[in-house]
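Work through the exercises below with the structure open beside the text. Try each task before reading its solution.

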Amino acid sequence: MIGQRKDLLGLEDLTADEILSILDTARTFREVLDRPIPKVPSLRGITAANLFYEPSTRTRLSFELAEKRLSADTVSFQTAGSSVSKGETLKDTARNIEAMGIHLVIVRHHASGAPHYLARNLNAGVINAGDGTHEHPTQGLLDIYTMREHKARVTGLRVAIVGDILHSRVARSDIWGLKKLGAEVVVAGPTTMMPVEVERFGVTVAKSVDEALEGADVVNILRVQLERQSSTLYSTLREYARVYGITLERLRRARPDVLVMHPGPMNRGVEIAPEVADGEHSVILEQVTNGVAVRMAVLYLLAGQKDAPGASAEATLSEGKRPHGRSTLSPRR
Amino acid sequence: MEQVREKAEVLDAEGLRRAVTRIAHEIVEKNGGADSLVLVGIQRRGVPLARRLQEKIKEFEGVEPPVGSLNIALYRDDLQTIAHQPIVGASEIPVAIDGKIVVLVDDVLFTGRTARAALDELIDFGRPLSIQLAVMVDRGHRELPIRADYVGKNVPTSRREVVLVKVDEVDGTDGIWIGETLA
């Protein structure tokens, strides 16, 4: 792929050129999704395992769909009902999966750094599908892809990210990717949800949501993590909605062609007013479609790594499973 | 890209233009007109060649067959050797191809694997009445049971040689050359 990388662990690791080459490839796959048969045979013989140690609906569906649209074979598990509940370690689970001849491992984990640990210990390619509060690189890529398709550029865009920056791996991946591509990023949210020294990321901290929205080309609204509601990060949902919720009125401060984005799932009436979520500026459902294309691009580019498949013991097996693997289609001139 | 040295000119710009003109005539003759034709170029050089055929056919018949383009990268059978590069250029088939006569257009026919990939991809877009293949050069060395319906020029080659079809839209010049790779 992307240089000679085996894994996609975060956007922090990628260069601007690598990010752009993923986005260009994703555009090709976006077209595939509109075909009468939205499926290509590129990843025949490649097997992907989706390991979700944390609940997820859309990310898991999106990865599974991307794998199937590429004709890969897929296996998936969620923590409940797997051997994890029997006390198996992450490494043992993964090694067992690799012994089954799997080429790509997609992992979501509540611990930041879990995919990095797997990447170091496996020969298979590893894709981070969200680790703790660290990164969610494919979400970052699909956000940036969506902006780029609408605005025809990323450099110089003013992007406001509003909400719980501290706990948001989406925010982190967005910020890394956007800064590398030369966008201006401004963040706003409760001070209890703002990382210490967030400015070191190269972002501007706005004093209020209104200030962040001023002249924005894009506003990305982060989800209030209701599961954290019992903690003391903010007083009440109503208070949050009043101070930080994005309403049509607030949105008027942004540019007239502002894009409204949200990684989902939405809490309507809390961080985003229903009229905004369903309004003319909203590209929230487009993000979901684009997510499949972006994940196809990442899977495709990683699967093409010459040494990616399996451990040495499985190398012969995986060769055998790809009957056309070594034939030459092209150098025809 | 490996280094290629040009050895001999096979067809100059005028020769290439005549070949395109003749193929356009043959397509119309074989299909009894141009009414249900769709021309589909294989990226990259097949696409400008398909456009030129479109112009010629319009000139002769007054009918402008639609032109599409195929990026066959996703249907290739050598993922292991190519997929670490980004792919740029989506396929674009502007009309429904069901019941149409589709003419695939490419610059060179060699092993037949590109044509195989293009056939598979095209069939995922619909069910054409028939698919025909037009190429500027047939250089032999087929590895699959595939043949062209329209050929600009048959050029016997050795496997070490390369055939360069250049089109103005991509290369800034028109013509066909034989070259060899410098080891």
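The exercises that follow concern a predicted model.

**Exercise 1. The parallel sheet of chain B**

Task: State which strand order the open sheet of 5 strands in chain B has, and which strands lie at its edges.

Solution.
Step 1. Read the order across the sheet: it is β3-β2-β4-β5-β6 of chain B, and the pairing is parallel.
Step 2. Look for strands that pair on one side only: these edge strands are β3 (67-70) and β6 (150-154) of chain B.
Step 3. Add the twist, which averages 25° from one strand to the next.

**Exercise 2. Following the bridges**

Task: Find how many bridges join β2(B) to β4(B), and how many β4(B) forms with β5(B).

Solution.
Step 1. Start with β2(B), which is joined to β4(B) by 5 bridges, the two strands running parallel. Here Leu39(B) has Val103(B) of β4(B) as its bridge partner.
Step 2. Go on to β5(B): its parallel pairing with β4(B) extends over 8 bridges. Val103(B) appears again, standing opposite Gln132(B) in β5(B).
Step 3. Move to the edge strand β6(B), where 4 bridges connect it in parallel with β5 (residues 130-138) of chain B. In this pair, Asp138(B) is partnered by Asn154(B) of β6(B).

**Exercise 3. Cover on the parallel sheet**

Task: Decide how many residues of β4(B) are buried, and name the strands that helix α4 of chain B lies across.

Solution.
Step 1. Count the buried residues of β4(B): 9 of its 9 residues are buried, so the strand is mostly covered, where buried means under 20% relative accessible area.
Step 2. Find helix α4 (residues 113-125) of chain B, which lies across β2, β3, β4 and β5 of that chain. Its direction makes an angle of about 155° with β4(B).
Step 3. Find helix α1 (residues 13-30) of chain B, which lies across β2, β4 (101-109), β5 and β6 of chain B. Relative to β6(B), this helix runs at about 150°.

**Exercise 4. The antiparallel sheet of chain B**

Task: Describe the open sheet of 3 strands in chain B: what is its order, and is its pairing parallel or antiparallel?

Solution.
Step 1. The order is β1-β8-β7 of chain B, with antiparallel pairing.
Step 2. The edges are formed by β1 (4-11) and β7 (161-166) of chain B, each pairing on one side only.
Step 3. From one strand to the next, the twist averages 30°.
Step 4. Between β7(B) and β8 (residues 175-181) of chain B there are 6 bridges, and these strands run antiparallel. One residue pair to locate is Leu164(B) with its bridge partner Trp177(B) in β8(B).
Step 5. Helix α1(B) lies across β1, β7 and β8 of chain B, at about 60° to β1(B).

**Exercise 5. Two helices of chain A**

Task: Classify the crossing of helices α3 and α4 of chain A: at roughly what angle do their axes cross?

Solution.
Step 1. The axes of α3 (residues 90-99) and α4 (residues 114-121) of chain A come within 10 Å and cross at roughly 50°.
Step 2. An angle of 35 to 65 degrees is neither roughly parallel nor roughly perpendicular, so α3(A) is oblique to α4(A).
Step 3. The crossing of α3(A) and α4(A) is right-handed.
Step 4. On α3(A), the contact is made by Leu90(A), Lys91(A), Ala94(A) and Arg95(A). On α4(A), it is made by Ala114(A), Tyr117(A), Leu118(A) and Asn121(A).
Step 5. Sorted by class, the contact comprises 5 nonpolar, 1 polar and 2 charged residues.

**Exercise 6. Backbone details**

Task: Locate the residues of chain A with positive phi, then the cis peptide bonds.

Solution.
Step 1. Ala152(A) has phi near 60°, although this residue is not glycine. Ala152(A) lies in the loop between α5 (137-151) and β5 (158-162) of chain A, and is exposed, with a relative accessible area of 70%.
Step 2. Glu197(A), also not glycine, has phi near 55°. Its place is the loop between β6 (184-188) and β7 (204-205) of chain A. Glu197(A) is partly exposed, with a relative accessible area of 44%.
Step 3. The peptide bond from Gly264(A) to Pro265(A) is cis, with omega near -10°. Pro265(A) is in the loop between β9 (259-261) and α10 (274-277) of chain A.
Step 4. Gln43(B) and Arg44(B) are also joined by a cis peptide bond, with omega about 0°. Arg44(B) is in the loop between β2 (37-42) and α2 (46-61) of chain B.

Note on methods: Residues are numbered from 1 along each chain as its sequence is written. Chains are lettered from A and ligands numbered from 1 in the order in which they are written. This is a predicted model: local features need pLDDT of at least 70, side-chain atom pairs count only at pLDDT 80 or more; totals for chains, interfaces and linings use all residues. Side-chain values use heavy atoms; hydrogens and water are left out. Buried means under 20% relative accessible area, exposed over 50%, partly exposed in between (1.4 Å probe, protein chains only). Two strands pair if DSSP finds at least two bridges between them. Axes are lines fitted to C-alpha atoms, for helices over the stretch in contact, and angles run from 0 to 180 degrees between N-to-C directions. Contact means heavy atoms within 4.5 Å. Angles under 35 degrees count as roughly parallel, over 145 as roughly antiparallel, 65 to 115 as roughly perpendicular and the rest as oblique. A crossing is left-handed if the near helix is turned anticlockwise from the far one by less than a right angle, and right-handed if clockwise. Ala, Val, Leu, Ile, Met, Phe, Trp, Tyr, Cys and Pro count as nonpolar, Asp, Glu, Lys and Arg as charged, and the others, Gly among them, as polar.
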